[in-house]
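Okay, thanks everyone, I'll keep this informal. Have a look at the structure on the screen and I'll talk you through it.

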Amino acid sequence: MHPSKRIFVALDTSDLDHALALGRDLAGHVGGVKVGKEFFTALGPDGVRAVAGLGFPVFLDLKFHDVPATVSRAVKAAAALKPFIINVHASGGGKMMRAVAEAVGDGSERPLVLAVTVLTSLGDDDLAAIGIAGSSETQVLRLARLAKESGLDGVVCSALEAEALRAAMGSDFKLVTPGIRPEWAAADDQKRITTPAQAVALGADYLVIGRPITGAADPADAARRIADELDR
Ligand code: C5P
């Protein structure tokens, strides 16, 4: 895979013109775009189609979490937009994830379906407060195993968890990592960060990168520098 293909740029905006301008600027420099709840709530399926229309694989980051029937239908509706990646919360349980795997089927055009294990905004104290004893790493591994057993393709995780996940889950299990910061970029509100090259060395397949690219004076140049770093 060409290194730039690993980069999914996070278009965290509700302004379609801004998203499209960034997308045009980044064509050829990133592998795809990630749009999430802010973008989708404001701009809907038409917004997704507009971004996909620029030729990008789309990671539709809607993190569904509900009863199996509702989530499997939502995923089916999302799959009709032909995203490259969609995701659900693993804590929705094995039945929910199996219903999702069944709903997307195994056709060649189906999206990769990933599970969110433990949100990286939650520390061990936060987990204890919602009744989950033990470390976040134990919980991440438990939910990743359940996701795999349920037929999902991989997880969204911190690159700092990627090494343990890669060892436990095997080489086909997809690991997609946000929290990426090149040495020359500001950390912003991210805490547990790695550089792009470290994330790939630790086992990440795809990197979700937002502000280091979208907030740069020259986003295409920032993406190019990141791809160059991955190539070394
Ligand atoms: O700008 P930045 O590179 O921090 O953007 C990272 C993107 O990945 C944002 O869309 C953020 O919501 C998302 N994300 C994250 N950490 C997670 C899951 C998603 O930063 N654990």
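Let's begin with one helix, α10, which lies across β1 (7–10) and β8 (206–209) and runs at about 150° to β1. Before I go on, please keep in mind that this is a predicted model.

So what are β1 and β8 part of? There are 8 strands here, and they close into a barrel in the order β1-β2-β3-β4-β5-β6-β7-β8, with parallel pairing. On average, neighbouring strands of this sheet are turned by 25° against each other, direction ignored.

Back to α10, because there's a helix packed against it, and a quick reminder for the chemists: two packed helices are described by the angle between their axes and the distance between the axes. For helix α1 (residues 16–26) and helix α10 (residues 219–231), the axes come within 8 Å and cross at roughly 50°. That angle makes α1 oblique to α10, since oblique here takes in angles from 35 up to 65 degrees. The crossing of α1 and α10 is right-handed. On the α1 side you've got Leu22, Asp25 and Leu26, and they meet Pro219, Ala220 and Ala223 of α10. By class, the residues of that contact come out as 5 nonpolar, no polar and 1 charged.

Now, staying in that corner, look at His29, which sits in the loop between α1 and β2. Which residues does His29 touch, leaving out those up to four places away in sequence? The list is Ser4, Ile7, Ala220, Ala223 and Arg224. Take Ala223 from that list: His29 and Ala223 are 194 residues apart along the chain, yet their C-alpha atoms are separated by 5.9 Å.

Next, into the barrel. Strands of a sheet pair through backbone hydrogen bonds, either parallel or antiparallel. Strand β2 (residues 32–35) and strand β3 (residues 58–64) run parallel and are joined by 3 bridges, with Val33 standing opposite Val58 in β3. Then β3 pairs with β4, also in the parallel sense and over 3 bridges, and there Leu60 stands opposite Ile86 in β4.

How many residues of strand β4 (residues 85–89) are buried? It's 5 of 5, so that strand is mostly covered. In a regular strand the side chains alternate between the two faces of the sheet. In β4, Ile85, Asn87 and His89 point one way while Ile86 and Val88 point the other way, and all are buried.

There's a second helix pair I wanted to show you. Helix α3 (residues 68–79) packs on helix α4 (residues 94–104) at an angle of about 30°, with the axes 8 Å apart. That angle makes α3 roughly parallel to α4, and the crossing is right-handed. From α3, the residues involved are Pro68, Val71, Ser72, Val75 and Lys76, and they meet Lys95, Met96, Ala99, Val100, Ala103 and Val104 in α4. This contact has 8 nonpolar, 1 polar and 2 charged residues.

Last stop, a couple of backbone oddities. Lys82 is in the loop between α3 and β4, and it has a positive phi of about 60° although it is not a glycine. Lys82 counts as exposed, because its relative accessibility is 55%. Asp188, in the loop between β7 (174–177) and α8 (196–201), likewise isn't a glycine and has a positive phi of about 55°. With a relative accessible area of 42%, Asp188 is partly exposed.

That's my tour, thanks.

Methods. Residues are numbered from 1 along each chain as its sequence is written. This is a predicted model: local features need pLDDT of at least 70, side-chain atom pairs count only at pLDDT 80 or more; totals for chains, interfaces and linings use all residues. Side-chain values use heavy atoms; hydrogens and water are left out. Axes are lines fitted to C-alpha atoms, for helices over the stretch in contact, and angles run from 0 to 180 degrees between N-to-C directions. Helices (H or I, at least four residues) and strands (E, at least two) are DSSP runs, numbered from the N terminus. Angles under 35 degrees count as roughly parallel, over 145 as roughly antiparallel, 65 to 115 as roughly perpendicular and the rest as oblique. A crossing is left-handed if the near helix is turned anticlockwise from the far one by less than a right angle, and right-handed if clockwise. Contact means heavy atoms within 4.5 Å. Ala, Val, Leu, Ile, Met, Phe, Trp, Tyr, Cys and Pro count as nonpolar, Asp, Glu, Lys and Arg as charged, and the others, Gly among them, as polar. Two strands pair if DSSP finds at least two bridges between them. Buried means under 20% relative accessible area, exposed over 50%, partly exposed in between (1.4 Å probe, protein chains only).
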